[in-house]
Amino acid sequence: MSWEPLPLLAWLFVVYVHAYSNTLGSQRNNHRNVSELLDNLLRGYDNSVRPGLGGPPAVVEVDIMVRSMGPISEVDMTYSMDCYFRQTWVDRRLAFLSDKDTLALSITMLERIWKPDTYFYNGKQSYLHTITTPNKFVRLYQDGRVLYSSRLTIKAGCPMNLENFPMDTQRCPLKFGSFGYTVNDVLYVWNGKRQVAIADDMKLSQFDLIATPAANQTDMLKSGEYSMLLVSFHLQRHMGNFLIQVYGPCVLLVVLSWVSFWLNREATADRVSLGITTVLTMTFLGLESRTDLPKVPYPTALDFFVFLSFGFIFATIIQFALVHYFTKYGSGECYFSADFSSDSDSDEDDWSSRRTIEPLEGPGRRKSSTCAGVVPRRSVTINGNTRLVEVIPLSACTISSISGRGQQESWTSGLPSCLGCGKASVHQSPGRETPYLPPSQAARPSLTFHPRSHRRKKRTPRFNSVSKIDRISRVFFPLCFLAINMSYWYAYLSRSERIQRRTDLPA
C-alpha cells in the first residue's frame, strides 16, 4: 500500500516533460515560421523600387509627437525640438497571412525594405538618437502596412520678425518632404487621427506654445513638383524677464533724473553730475538689452522704449541748461538780513537793498559824486547835531567835477577809518535843518559814534527764487512721460493681440 503513489508521480512527470517539450517545439516552430515568413517576403524583394511602381503614387502618412522644444535663438534665428517622427505607408509586397496581426521587426530590416527618403527643407542640424541603441523601430501589419518611428532632434531655421520684441509672437515652421520622388511617385499627407501632438509635461522657458497649425503644400522646382508637409509652431514670448531687467530700470532712471527739478538751480555740479550719471547708466542698459538680439536693420519695441527713456533723461540736461542760462549772475546766494530798531531805516547788512543815495549838497557845493552801487548809513554826531552819514565805497563811485576840491579832500580826510575808505555825505535827521559847515569846521569835524547796541528784531534767511522752468518741468515731464507710455503699451499690446488672433485661424 505504501508504494502505490509512485506510479502516479511517474505519470505526472511524464506528462510535464511531454508538455514542456511541446512548448519548446511550438516556440521553435514559431521562430522558424516567422523567419521563414520574412525570408519568403524578402525573397525577390527590391528595396530600390517604390511600392506600386507604375501605378498611383505611394502615400506616406506622417505624425509627430513633440517631447520638448528649445533652445530658441534670436541671434541665429533657429529653434530645436525633440520629437518622435512617425511614417506609415503600404507596401503590398510585404503582406502576409499569419495568426499574428503585427510583426515587430529589427532595425536591420530597414536596410532590406523600401522606405521614403524624407528630409527637412529648413533643417540645419538634425540627428538620430543612438544611445544606447539607435532609437527607431519598424512594425509590419498583415495588409503590408509599415510603421517606421524614430526619435529625432531637429534644429531648423525660424525667420523671425522682431519689430514687436519682446511682445512678439513668432512662427517657426517645419517643412519636410521627399528628396527625390515627385508627386507622381510619393505623396505626403498628415495622419488623419493625429497630426502634431504635444507632450503634456512640455514647458518652454521663454515662450508659450499657443498653436500648431499643419498643412499640405507642394514645392515647385525645375526638376518637378514635390509633395511637402508643413507645421508651424506659434510661440508667444514671456515678458516678465524684460519687465524686470529693462523696462523697470528704465522707468526708475527717468524718474531719478527728475530729482534735478527739485535741486537748487545754482547747484550746478549736483545737477550736471546727476544728469551725466543717468545718461551713462541708460546707455549701458540700452546696449545690454541688445546683446541677445541680432543686428536687424529695424528698431524693435524695446529699442523704442530705451530710446524714449534716453530722450527724457537727455531732456532733463537740456532743461537745466536753459535754467542756468536764464539765471542771473550772483542771484543765487543765500544770505541773512538783520532788522534793527534804530533811527535809521536799515543797517549796513542790508545796504544792498538800496539803489539810490542822496548826494552832499549845500550852498556853494555841487554834487560830489555819483554812485553805481548801494549806500550804507550810520548815525553820527557832529558838533552836537545827530546826522546820518552815508559811506560810499570807492569801488562803486566815480568822482565828478567838484568845485572846491580842497574843501572836499579835507572833509573826507577827517572821517575816521571805521567808516571805510569812502567819502561821506551828511544828512539832517528828520525834523532838523542841515547847517552849512565852513571849511575850517569841515576839515576836523567832531564825530561821536554810538556803539552798536541796537536791539536786533529778527534774522530771516532769504533764498533765491525757484525757476519757473523748474516749476513747469515738475508737472510737464511726468505727464508727458505717462501719456507716451500709455500710447506705447496700447499700440504694441493691441498689435500683439491682433497677431495672436491671426494665428488662431486655421492654416
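Helices and strands are DSSP runs, at least four residues long for helices and at least two for strands, and they are numbered from the N terminus. In this predicted model, M220 is found in strand β12, which covers residues 214–221. M220 is exposed, because its relative accessible area is 56% and exposed means over 50%. In sequence, M220 and T182 are 38 residues apart, yet in space their C-alpha atoms are 9.8 Å apart.

A similar look can be taken at G70, whose place is in strand β1. With 34% relative accessibility, G70 counts as partly exposed. G70 and K203 are separated by 133 residues in sequence and by 9.5 Å from C-alpha to C-alpha. The backbone at G70 has a further feature: the peptide bond leading from G70 to P71 is cis, with omega near 0°. P71 lies in strand β1, which spans residues 58–73. A second cis peptide bond runs from I131 to T132, and its omega is near -5°. Here the setting is a loop, since T132 lies between β5 (127–128) and β6 (136–141).

Another backbone detail belongs to M77. This residue has a positive phi of about 55° although it is not a glycine. M77 lies in the loop between β1 and β2, the latter being residues 78–90. The relative accessible area of M77 is 22%, so this residue is partly exposed.

The loop between β1 and β2 comes up again among the charged pairs. Side chains of opposite charge can pair when their charged atoms come close. The structure holds 11 salt bridges. In one of them, R237 pairs with E74, and the closest N and O atoms are 2.5 Å apart. Because R237 lies in strand β13 (residues 224–237) and E74 in the loop between β1 and β2, this pair ties together parts that are 163 residues apart in sequence. R237 has 6% relative accessibility and therefore counts as buried. E74 also counts as buried, with a relative accessibility of 7%.

A further salt bridge joins the side chains of D82 and R151, at 2.8 Å from N to O. This pair links distant parts of the chain, with D82 in strand β2 and R151 in strand β7 (residues 145–157), 69 residues apart. Are the two partners buried or exposed? D82 is buried, with a relative accessible area of 10%, whereas R151, at 28% relative accessibility, counts as partly exposed. The cut-off explains the contrast, because buried means under 20% relative accessible area.

Helices are tied together by a salt bridge too. D470 pairs with R271, and the closest N and O atoms of this salt bridge are 3.1 Å apart. D470 lies in helix α7 (residues 468–503) and R271 in helix α3, so the pair ties together parts that are 199 residues apart in sequence. Both D470 and R271 are buried. Salt bridges can also be joined to one another, as in the network that links D63, R86 and R194.

Helix α3, the home of R271, also has a helix packed against it. Two packed helices are described by the angle between their axes and the distance between the axes. For helix α2 (residues 240–257) and helix α3 (residues 268–288), the packing angle is about 170° and the axes are 10 Å apart. That angle makes α2 roughly antiparallel to α3, because angles over 145 degrees count as roughly antiparallel. The crossing in which α2 passes α3 is left-handed.

The last feature is on the surface. Which residues make the nonpolar surface patch of about 580 Å²? The patch is made by F314, I318, L322, Y325 and F326. Among these residues, Y325 has its place in helix α4, which runs over residues 301–325. Y325 is exposed, because its relative accessible area is 66% and the cut-off for exposed is over 50%.

Conventions
Residues numbered from 1 in each chain as written. Predicted model: local features only at pLDDT ≥ 70, side-chain atom pairs only at ≥ 80, totals over all residues. Heavy atoms only, no water. Patch = residues over 30% accessible without salt bridge, like charges linked within 9 Å, V, L, I, M, F, W, Y side chains within 5 Å. Areas by Shrake-Rupley, 256 points an atom, 1.4 Å probe, with all protein chains shown as cover. Salt bridge = Lys/Arg side-chain N within 4 Å of Asp/Glu carboxyl O. Buried < 20%, exposed > 50% of the residue type's maximum accessible area, 1.4 Å probe, protein only. Axes fitted to C-alpha atoms, helices over the stretch in contact; angles between N-to-C directions. Parallel < 35°, antiparallel > 145°, perpendicular 65-115°, else oblique. Left-handed = near helix turned anticlockwise from the far one by under 90°.
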